[in-house]
Structure formats: C-alpha cells, structure tokens
Amino acid sequence: MAIESVEPEVVYHYTTMDTMLKIVQSKTIWASSMAYLNDTSEGQYFINQVRIRLPEFSKQRGYGSEFITEMSNDANKETPFQLRPYVASFSREDDSLPQWRSYCQHGNGVAIGFSVDCLKRVYFAEDNEIREIAVGFRDVKYTEKQLPDEVLDQEIIDTIEAADAVIQIAKGAESSSSLAREKVFRVLIEAHASYRKHLSFSHEREFRIVVNPIFVHPTPPLDFRPVRTTLIPYMKLRIPITRKDSEHLQFEPPSVVSLLSGRKRFQFIERVVIGPTPNMPLSLQAVHEYFNKMQMDVEVKPSDAPFREW
C-alpha cells in the first residue's frame, strides 16, 4: 500500500492519563534502553542474521573479515550497556484496540498525537542550552522470515560505510582512540536492528525515535524507573513546544466557529484520543479544559472502539 510509505504528520503514544499530565507539564518523553523493551527478541534475530552472513559476505566481496570476530562474540560479550540505542515508541494508529488493552488498562488511557516535526527536533532535557543531537526517526519493519542475502549484504555495506564515517568524524576528538572500527560497526548494526521487530507486533504500526549514544558527546546521565521486576534505564528527551514553521504563533482559546471550521493546530501535541472508558463524556470535557488551561490548542476526541472493561 503506497500510503504506508508516506511519513505521517502525527504519531500516537498510548499511555495513562497520569503519564499524559507529566508529559504535558515537563514537555519531555522518555527513550528507554533497547535491551529493556517489551519484545524479548528485540533486534536480536536481525543481528544474528548479520552475524551468520558476515563470513560468506567477506569471502564473496573480499572485505569485512575484521568484523567477523567482533560479531561472533557470545551474548555475554555484547556491546557495552552504555552504548546501546535508546528508543521512544509511537504508532500510526490513533484508535487501536490491542494497544488500548496493552498500554491503557482499566479504562485509564489516552493516545497522545505528537507532531512528527517536533519529535524530530528533540534534545536532552538535562542540557542547559538546546543541543542538536543525532536522532533517528522512522517506521519499524516487521518480519519473522530470513532476510535475503542481498538485503543483508546491503545492510552490511551501508554499516561499514557509516562506521568509517563515524571514525573519520571522531578523528582529533579526545575519545577517538577508543572508537575501534569493529566496535563502531557492531554498535551501528544494533542501531539498524532498532527498527526491526517480530511480525507478531505488526498491529502496532510503530514509528520510533532512536538515540544512539555513540553519536553523542558528552552523553547525558541516565535515569532509572521501576517496573514490577526490575529497573529500566532511560534518557529524558525534551520536545520543542511548537512546530518549526509555527514558532511565532501564540495560543488563543478557540471559539466555537474556529473549532467547527477545523482550526489549524501548531503545538507539539496535535490531538488526544480518549481510550474506551465508562466516563467518556466527563473525560472528554475534563481533558479539553485541561489543555485550555495549559494554553494548548489540542483536538480531543473519543475512541470509537466498542470495548468495555469491567
């Protein structure tokens, strides 16, 4: 479908009402370590395919053999924790029943529609000044089948070229001596793997922000949040509050006429979808008035999913 190849202007993050308030007030989102995401095979099947393909690739192409040993390391010798990618997840879907069930249980949930333009310009929340960072933003590819050799070969070629570019840029920097070409190659393969997931997650139609620490100096400090069985490391990313082409605009409480005529929104949150809840009329009114209080012109709409959770 051609429409799937077009990048959306808005993507959605499914979460609770409480988390929505924190996001709005802090203007931040969290990018979690890829090792702690809910897909337990996250990226590994792609990395394993590259690992298996490398010897034959090197034999056929005549280069790349220096990466074989590094990629053959077992799981206990994987890329250092501090260098693994950090991921913030979103979806094309604004009203997905499987995602309401997964992320917004007990009738407590919203899908926050973020401006893609703003997400592409996130920066570290800890920085005193806005510092541009290398952020990847793209859709996730879903597969459970073996990738063709020509696809894997192109991935390897692209990664070798990218690794050489990183080494070249790092020359003269204090940290350049620690950037071994083999290590950079492996880190970048993991970055490629950040955009691949198992087919069973395809209903999420996911887009991701990926921050790769190898491209950031100095790396900001990590934060940690508790879950039921462990701690999850994450980075705080601050979102620019307006779209790049609308930074001069000011909030004005929308009139009934402007709402009915389709008022153009310009801030980092475009709309919010209220998930299935027994309190829909009250929730719609309260969320709408909350954004008015925060001086944000946000469309608030109900989910159409005919779902009830007792």
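Reader: Hi! Is R53 buried or exposed?

Author: R53 counts as buried in this predicted model, because its relative accessible area is 9% and the cut-off for buried is under 20%.

Reader: Okay, and where is R53?

Author: R53 sits in helix 2, which covers residues 44-61.

Reader: What does R53 touch, leaving out residues up to four places away in sequence?

Author: With those left out, R53 touches Q60, D149, L152, D153 and I156. Several names on that list come back in the contact between helix 2 and helix 6: D149, L152, D153 and I156 are among the helix 6 residues there.

Reader: Nice, let's stay with that pair. At what angle do helix 2 and helix 6 cross?

Author: They cross at roughly 85 degrees, and their axes come within 9 Å. That angle is why helix 2 is described as roughly perpendicular to helix 6.

Reader: Which residues of helix 2 and helix 6 meet?

Author: From helix 2 there are F46, Q49, V50, R53, L54, F57, Q60 and R61. On the helix 6 side, the partners are D149, L152, D153, E155, I156, I157 and I160. Sorted by class, this contact has eight nonpolar, two polar and five charged residues.

Reader: What about helix 6 and helix 7, how do those pack?

Author: Helix 6 (residues 149-170) packs with helix 7 at an angle of about 125 degrees, and their axes are 9 Å apart. Helix 6 is therefore oblique to helix 7. Their crossing is right-handed.

Reader: Which residues meet there?

Author: Helix 6 brings E155, I156, T159, I160, A162, A163, D164, V166 and I167. Helix 7 answers with R181, V184, F185, L188, I189 and H192. By class, that contact divides into ten nonpolar, two polar and three charged residues.

Reader: And helix 2 with helix 7, what's the angle there?

Author: About 135 degrees, again with the axes 9 Å apart. Helix 2 is therefore oblique to helix 7, and the crossing is right-handed.

Reader: Which side chains should I click on for helix 2 and helix 7?

Author: Try F46, I47, V50, R51 and L54 in helix 2, which meet F185, R186, I189, E190, H192 and A193 in helix 7. The classes are seven nonpolar, one polar and three charged residues.

Reader: Changing topic: how many residues are in the largest nonpolar core?

Author: The largest nonpolar core has 37 residues. Those with the most contacts inside it are F114, I209, I269 and F291. Helix 9 (residues 280-293) supplies the largest share of this core, four residues. Apart from this core lies another one, of 15 residues, with I47, L54, L147 and L152 among them.

Reader: Why would nonpolar side chains be grouped like that?

Author: As a general tendency, nonpolar side chains are buried together in soluble globular proteins.

Reader: Back to I269, what does it touch beyond four places in sequence?

Author: I269 touches V24, I112, G113, F114, F291, M296, D297 and V298.

Reader: Which residues other than glycine have a positive phi?

Author: K27 is one of them, with phi near 55 degrees. Q295 is another non-glycine case, with a positive phi of about 55 degrees. Most residues other than glycine have a negative phi.

Reader: Where are K27 and Q295?

Author: K27 lies in the loop between helix 1 (17-26) and strand 2 (28-33). Its relative accessibility is 21%, so K27 counts as partly exposed. Q295 is in the loop between helix 9 and strand 13 (299-302).

Reader: What about T242, which loop is that in?

Author: T242 is placed in the loop between strand 11 (231-238) and helix 8 (256-260). At 11% relative accessibility, T242 counts as buried. T242 and D117 are 125 residues apart along the chain, and their C-alpha atoms are separated by 8.8 Å.

Reader: Last bit, the overall picture: how many helices and strands does the protein have?

Author: It comes to nine helices and 13 strands. The protein has 310 residues, and 46% of them count as buried. Among contacts between residues at least 6 apart in sequence, 82% join residues at least 24 apart.

How values were computed
Residues numbered from 1 in each chain as written. Predicted model: local features only at pLDDT ≥ 70, side-chain atom pairs only at ≥ 80, totals over all residues. Heavy atoms only, no water. Core = buried A, V, L, I, M, F, W, Y, C linked by side-chain atoms within 4.5 Å. Buried < 20%, exposed > 50% of the residue type's maximum accessible area, 1.4 Å probe, protein only. Helix = DSSP H or I, 4+ residues; strand = E, 2+ residues; numbered from the N terminus. Contact = heavy atoms within 4.5 Å. Axes fitted to C-alpha atoms, helices over the stretch in contact; angles between N-to-C directions. Parallel < 35°, antiparallel > 145°, perpendicular 65-115°, else oblique. Left-handed = near helix turned anticlockwise from the far one by under 90°. Nonpolar A, V, L, I, M, F, W, Y, C, P; charged D, E, K, R; others polar.
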